[in-house]
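Q: I am new to this structure and would like a close look at a single part. Please take one chain, describe how it is built, and then go into its details.

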Amino acid sequence: MEIGGEYLEILGSSILMTDYLEYSNALFREGLLDGQFIQLQMLRDDSNPDFVVEVVTLFFEDSQRILNELSKTLDEQNVDFKKIDANVHQLKGSSSSIGAQRVRNACIAFRSFCDAQDVESYGFCFFVLFPDQMCLRCLQQVKQEYLLVKNKLEALLRLEQQIVAAGGVVPTLNDVS
Amino acid sequence: MGMAATDDQFHVLAVDDSVIDRKLIERLLKTSSFQVTTVDSGSKALEFLGWHGNEISMFSEASISPNNHQEVEVNLVITDYCMPGMTGYDLLKKIKESAFLRDIPVVIMSSENVPSRITSYRCLEEGAEEFFLKPVKLSDVNKLRPHMMRTKLNNDIIENGKPENEEKQENGEIITTGEADSEMQQFQTAQSLQQQTSQNNNNNNDNNKRKSMEEGLSPDRTRPRYSDLTVMSN
């Protein structure tokens with residue numbers, strides 16, 4: 001018996017939708033994404049179907065710029081910690097706005113270490129002895145989290161594209177974190 | 001543009017130095033059927049509002065209906081708190097200190113993890129209507145309309161001597177004893193709208209001093225209580 005093309009199509013998009021739900025649930029469980037990402041999806045509609053893609057793309061561009069800045073600043077002879085703090089603050093904000101929870105948390109940790117660099121207020125402190133080292137470690141951590149979520153988001157959005165191409169509808173996510 | 005917002009569409013000016021947050025707030029506002037303009041700094045916001053740093057030139061024109069001065073009417077300003085150069089707080093102050101701009105309701109957004117009570121208090125003290133924690137949600141944006149409507153109502157009272165829309169009286173009867181009370185009636189109308197707003201307000205705004213309310217309507221004095229209606233004695 002021949003399985004009709006339409007049936008296969010429905011089957012195909014159903015599988016994709018299930019994959020999508022499983023994949024996104026995992027991301028929420030692992031804390032890579034939080035409820036804010038769902039808020040973004042809620043803002044997507046027929047007149048703005050690419051909203052999430054646009055915001056996420058902006059996030060990638062902006063984050064890359066900030067990470068480059070941070071690397072450059074840390075490379076300098078006299079590290080400008082205020083500049084570092086400002087940049088990390090920015091990244092914290094943007095990651096929070098798209099729901100990239102772990103990136104945001106890594107930024108918060110980074111900033112608390114940066115605060116410790118302010119010799120005047122902390123006086124003698126372990127971190128003061130190796131400030132650049134600590135900041136570099138923090139930067140590594142932020143970069144790692146960023147690349148991870150970037151990877152996952154790209155995969156997620158690709159799945160969405162596939163679902164739509166297969167004639168399906170992207171399921172509404174629930175925050176299971 | 002002459003009078004009040006055309007076709008009931010309110011125009012919001014959003015100020016944020018983050019490109020992502022600008023995109024987000026724009027979408028949030030448009031979803032709520034507001035017209036939106038976004039700028040990336042406080043100085044650009046003031047420029048857009050038609051403020052040229054010279055209050056003298058403002059006073060030379062009628063300061064009662066600010067609509068005449070702005071090229072485009074802005075019904076609310078929503079601004080990020082933490083911005084390089086002019087902070088949201090600085091912008092708030094400039095707006096509230098300007099006879100030309102101070103009727104415009106201002107809302108502050110802050111990305112601080114634990115919003116300092118001092119920060120939010122300062123902003124509300126200075127006349128901000130709301131203090132939102134970022135990331136801003138649709139439920140936050142839903143709180144904006146009453147502020148814009150109240151200001152529009154106040155402007156109507158000032159310009160026309162009576163509220164344009166009698167239906168805005170939320171609470172039952174208002175007992176009047178003659179002409180002297182018509183002013184009180186207008187005050188009560190505006191007050192009832194404000195009280196409705198503050199009742200609906202989820203934020204724990206301990207301080208609801210609203211500097212945007214005109215000086216003539218002193219909210220701190222004896223507030224009429226609507227639950228137990230009594231005849232106002234003159």
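A: The part chosen for most of this answer is chain A, but a loop of chain B makes a useful start. In this predicted model, Ser33(B) sits in the loop that links helix H1 (19-31) to strand S2 (35-39) of chain B. Its phi is near 65 degrees, a positive value in a residue other than glycine. Most residues other than glycine have a negative phi, and most peptide bonds are trans. Ser33(B) counts as partly exposed because its relative accessibility is 44%, which lies between the limits of 20% and 50%.

Chain B also has a cis peptide bond, which joins Lys134(B) and Pro135(B) with omega at about -5 degrees. Pro135(B) belongs to the loop between strand S5 (130-133) and helix H6 (138-141) of chain B.

Now to chain A. Its secondary structure consists of eight helices and zero strands, so read from the N terminus the order of elements is α-α-α-α-α-α-α-α. Of the 177 residues in chain A, 44% are buried. Among the contacts in chain A with a separation of 6 or more, 71% are between residues 24 or more positions apart. The accessible surface of the chain is about 9600 Å², and carbon and sulfur atoms account for 53% of that surface.

One pair of helices in chain A can be followed in detail. Two packed helices are described by the angle between their axes and the distance between the axes. For helix H2 (residues 35-42) of chain A and helix H4 (residues 81-98) of chain A, the axes come within 6 Å and cross at roughly 60 degrees. On the H2(A) side the contact is made by Gln36(A), Phe37(A) and Leu40(A); on the H4(A) side it is made by Ser96(A), Ser97(A) and Ile98(A). Sorted by class, this contact has three nonpolar, three polar and no charged residues.

The surface of chain A has a detail of its own. Tyr7(A), Leu8(A), Leu11(A) and Ile15(A) make a nonpolar surface patch of about 400 Å². Leu8(A), one of these residues, lies in helix H1 (residues 5-29) of chain A. With a relative accessible area of 47%, Leu8(A) is partly exposed; this value is over the 30% that a residue needs to belong to a patch.

Terms used
Residues are numbered from 1 along each chain as its sequence is written. Chains are lettered from A and ligands numbered from 1 in the order in which they are written. This is a predicted model: local features need pLDDT of at least 70, side-chain atom pairs count only at pLDDT 80 or more; totals for chains, interfaces and linings use all residues. Side-chain values use heavy atoms; hydrogens and water are left out. Axes are lines fitted to C-alpha atoms, for helices over the stretch in contact, and angles run from 0 to 180 degrees between N-to-C directions. Helices (H or I, at least four residues) and strands (E, at least two) are DSSP runs, numbered from the N terminus. Contact means heavy atoms within 4.5 Å. Ala, Val, Leu, Ile, Met, Phe, Trp, Tyr, Cys and Pro count as nonpolar, Asp, Glu, Lys and Arg as charged, and the others, Gly among them, as polar. Patches are made of residues with over 30% relative accessible area and no salt bridge: like charges are joined within 9 Å, nonpolar side chains (Val, Leu, Ile, Met, Phe, Trp, Tyr) within 5 Å. Accessible areas come from the Shrake-Rupley method with a 1.4 Å probe; for residues, only the protein chains shown count as cover. A salt bridge is a side-chain nitrogen of Lys or Arg within 4 Å of a carboxyl oxygen of Asp or Glu. Buried means under 20% relative accessible area, exposed over 50%, partly exposed in between (1.4 Å probe, protein chains only).
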